[in-house]
Amino acid sequence: MSHTSMRRTGLIFDDRYLLHDTGAESTVRMRGGSFETSPEGHPSSTSITKRIKEFLDGSGLTAMMQPVAARAASEDELAVYHTREYIEGVRSHVQGGPMQGAWGEIESDTPLGAGSFEAALYAAGGAMNGVQAIMQGEVRNAYALLRPPGHHAASNRAMGFCIFNNAVVAADYARRAFGLERVMIVDWDVHHGNGTQDAFYADQGVLFVSLHQHNWYPRLSGELEQVGSGAGAGYTVNIPLPAGTGDRGYRAAFEQLVIPVGLQYRPQLIIISAGQDANWLDPLAQQMVTMSGFRAISQLMLTLAEEVCDGRLLLLQEGGYSLAYVPYCTVAVVEPLIGVDLGLVDLYEGSSEVERCMTILTQETQDALAAAKKWHSNWWNI
Ligand SMILES: [Zn+2]
């Protein structure tokens, strides 16, 4: 194979990710004036992962990408962040053991099935193989369609649908295996990446930047004032945004905060915790971002990566819960990575709702952006 035939964007996916079956949960509905409980798919279900993959395949994007195989993370690789007791606790829980104990805890909203441990090992290993493929020049950037997600996972606790922290494991691997001194993690999932923040809170070798709905999940996590500690002070950059921020507010947050901070930090690799749950149809948040908004922030991050680190950019799937709309938003994120625009049309193109999400910029959003800029200017020239 000649060098020019290599594709520039990798795709990490493994059928084992679909073994992480979260099953059904009970929901309460009104019927005939009384309550009725009925089982409904868990919000973090395999069907969204499958559907994103079908969109990538059906649009022709998969064929333009370089397949990058996943692998199982080793216990030593997970233990850079997670306790060995916790890793063992998850393994034993999927075999029928308790949900909590001296080893740690699995929250009840993070159900695990028989295949979940293996899926989680392959998610973390897939993230590391993405780093490897980029650092060795096999691909320039990559999208990892991982499952389960990782950014809420703490050292000894599975929470918020996350088991092992894929972003933390990948950033650590990049530093250990390739000697990187500066890695930037941008977490645009609508929820705060509390686990990732904790991992590097006192560490200036990883710059953690998170955009999220203010005080949403976890509560009080991701406040402006959480900036890191010791040598890491200033290297945690939280950008809490009000509900209803929309495309313009997100773009402004990237243009006014994320990109200038990234240009100053000059990372050697950028990892994105890419949860597309800021979308306007998402049942678990209210951030009102459209397919076009996601395309814009992906393009902005790609341009930053081209500017500071030869385009080395790895996206790791986190959340996203609208079965109808997350696949649209995800193909819009992937297209700029490959450098194509297939003209894929928004599911709700032309509707007044989409129009509103694309144009809204409330005073509350502008105030939040101004407050974030003022606060972070204590550490960054913004
Ligand atoms: Zn999320």
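This note goes through a zinc site, a strand residue and a helix in a predicted model.

1. The zinc ion is held by protein donors from Asp189, which gives two OD atoms, from His191 through ND1, and from Asp277 through OD, and these donors lie 2.0 to 2.6 Å from the ion. The angles among the 4 donor atoms run from 54 to 158 degrees, and the site is classed as irregular.

2. Along the sequence, the donor residues follow the spacing D-x1-H-x85-D. Distant parts of the chain are linked here, since Asp189 sits in the loop between β9 (183-187) and α6 (194-199), while Asp277, 88 residues apart from it, sits in the loop between β12 and α8 (291-309). Both of these aspartates, Asp189 and Asp277, are buried.

3. Ser273 belongs to strand β12, which covers residues 269-274. Its relative accessibility is 0%, and therefore Ser273 counts as buried. Leaving aside residues up to four places away in sequence, Ser273 touches eight residues by name: His151, Ala167, Val186, Asp187, Trp188, Leu316, Glu318 and the zinc donor Asp189.

4. Helix α11 (residues 363-376) has 14 residues, and the distance from its first C-alpha to its last is 20 Å, close to the 20 Å expected at 1.5 Å a residue. Within α11, the residues Thr365, Ala368, Leu369, Ala372 and His376 are buried. They lie on the same side of α11 because they cover an arc of only 95 degrees around the axis. In general, an α-helix has 3.6 residues a turn, so residues three or four places apart point the same way.

5. The buried residues of α11 pack against β11 (236-241) and α7 (246-265), whereas the face turned away from the buried side carries the exposed residues Gln363 and Lys374.

Terms used:
Residues numbered from 1 in each chain as written. Predicted model: local features only at pLDDT ≥ 70, side-chain atom pairs only at ≥ 80, totals over all residues. Heavy atoms only, no water. Helix = DSSP H or I, 4+ residues; strand = E, 2+ residues; numbered from the N terminus. Buried < 20%, exposed > 50% of the residue type's maximum accessible area, 1.4 Å probe, protein only. Contact = heavy atoms within 4.5 Å. Expected span 1.5 Å × (residues − 1). Arc of directions from axis to C-beta. Donors = N, O, S within 2.8 Å, 3.2 Å for Na, K, Ca; no water. Tetrahedral: all angles 85-135°; square planar, octahedral: opposite > 155°, others 65-115°.
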